[in-house]
Amino acid sequence: MFSKDFKLGLLGGGQLGRMLLQAAIDLDIHVKALDPDPDAPCAKIAPEFVVGSFLDFDTVYQFGQDCEVITIEIENVNLEALKKLRSEGKKVFPQPEVLEIIQDKRVQKQFYADNNLPTSDFILTDTVEDIAQNLDFLPAFNKLGKGGYDGRGVQKLSSAADLPLAFTAPSLLEKAIDFDKEIAVIVARNEQGEVKTFPTVECVFHPVHNLVEYLFAPAEVSEKIHEEAKKIAIETAEKLGIVGLLAVEMFLTKDGKILINEVAPRTHNSGHHTIRANHTSQFEQHLRAVLGLPLGDTTAHSKAAMVNLLGEDGYSGEAKYVGMPEALAISGVFPFLYGKKITKPFRKMGHVTVVDEDLTSLKAKVQAVKETLKVIS
């Protein structure tokens, strides 16, 4: 399909990169990955693996010299190096300008407001004093502009008593929403402007650690909500002009409105189940999008769920997986382990996809997996 010298550069060597590599093998695409961790999940399976910082200009610039196309599995990368590489003829997807918007939650939120994309009310803040002057806006979520991920950099402020928890760096106050469900749509867009979405999923977040604990696909919502969520995701991708994959996380409010929470310009936790449940996985779709190929059929061939496999609380050290034989004995259960040697409390160590035609049976299997399969040390 591509010349024998073709090389796809991947900034980031984590679990998302690992699953992207597995999809690249099927298309015989040579991937060169960059990550600061010599034991990153991609390290042992990437055709080429470079240890280095994806935040360092010189490292990223040198890394991209022999790559025709450069993509990411983490958005916090050096944009100036990517811009220089693009000016020299390299293709960079998603584009640096898109990453610039998404890297800073303040800029991202303002983008929604400026483009009439539905989102919750917000106030940009630079200091705790700014927050103190807007106590009547509480309860709200205080979100760091830059650097937050997987629940880090987000703090709920309910009243003046919570001010000591507020961030001192540039951040924003986002009005707390009385929502019914958290849903997500992954949309893909290629260079030719072709756009396809995956069916809407319903995410259930960990009550303490603000990361997805499990999800169901498709979401239990009306056809009208499915269509509205899809429309918002497509409009967001087109207004950004993104080439690649965009995960659009949304709130469905109690009165039936859909509001964008955040977006991720890459493969995403809310699409892991697609490897087993859809004709085309999100990882193959990302490759198709950034390589200018026709986008794949996203039809789901069964109902599905995804359970994040997190390190158990109280355990740190070399990872041990207990309950694996019992989990594998359940029909339609497919574990995906990320190859991380060390477990820590609530660290993402893998996920389990569960497929079933019947929703009641699917939910029972999810509960069985959650009770059976544990990561300890």
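**Exercise 1.** In this predicted model, determine how helix α4 (residues 96-103) and helix α5 (residues 105-114) are oriented to each other.

*Solution.* Two packed helices are described by the angle between their axes and the distance between the axes. For α4 and α5 the angle is about 105°, and the axes lie 5 Å apart. Angles of 65 to 115 degrees count as roughly perpendicular. The two helices α4 and α5 are therefore roughly perpendicular to each other.

Next come the residues involved. From α4, the contact is made by Glu100, Ile101, Ile102 and Gln103; from α5, by Lys105, Val107, Gln108 and Phe111. Sorted by class, this contact has 4 nonpolar, 2 polar and 2 charged residues.

**Exercise 2.** Find which residues of the UniProt "binding site" list are included in the lining of the second largest cavity.

*Solution.* Start from the record: an unreviewed UniProt entry lists Lys105, Lys143, Glu174, Lys175, Ala176, Ile177, Glu182, Asn261 and Glu262 under "binding site". Of these, Lys105, Lys143, Glu174, Asn261 and Glu262 are included in the lining of that cavity.

**Exercise 3.** Decide whether Lys105 is buried or exposed, do likewise for Asn261, and state their contacts beyond four places in sequence.

*Solution.* Buried means under 20% relative accessible area. Lys105, found in helix α5, has 15% relative accessibility and so counts as buried. Beyond its sequence neighbours within four places, Lys105 is in contact with Lys143, Leu144, Gly145, Gly148, Leu172 and Glu262.

Asn261 is in strand β15 (residues 258-264). Its relative accessibility is 10%, so Asn261 counts as buried. With neighbours within four places in sequence left aside, the contacts of Asn261 include Lys143, Glu174 and Glu182.

Technical notes. Residues are numbered from 1 along each chain as its sequence is written. This is a predicted model: local features need pLDDT of at least 70, side-chain atom pairs count only at pLDDT 80 or more; totals for chains, interfaces and linings use all residues. Side-chain values use heavy atoms; hydrogens and water are left out. Axes are lines fitted to C-alpha atoms, for helices over the stretch in contact, and angles run from 0 to 180 degrees between N-to-C directions. Helices (H or I, at least four residues) and strands (E, at least two) are DSSP runs, numbered from the N terminus. Angles under 35 degrees count as roughly parallel, over 145 as roughly antiparallel, 65 to 115 as roughly perpendicular and the rest as oblique. Contact means heavy atoms within 4.5 Å. Ala, Val, Leu, Ile, Met, Phe, Trp, Tyr, Cys and Pro count as nonpolar, Asp, Glu, Lys and Arg as charged, and the others, Gly among them, as polar. UniProt positions are given in the numbering used here, feature names are shortened, and annotations may be inferred rather than shown by experiment. On a 1 Å grid over the protein atoms alone, a cavity is a set of points where a 1.4 Å probe fits but cannot get out, and a pocket is an open set with protein on both sides within 12 Å along at least five of seven lines; lining residues have an atom within 4 Å of a point. Buried means under 20% relative accessible area, exposed over 50%, partly exposed in between (1.4 Å probe, protein chains only).
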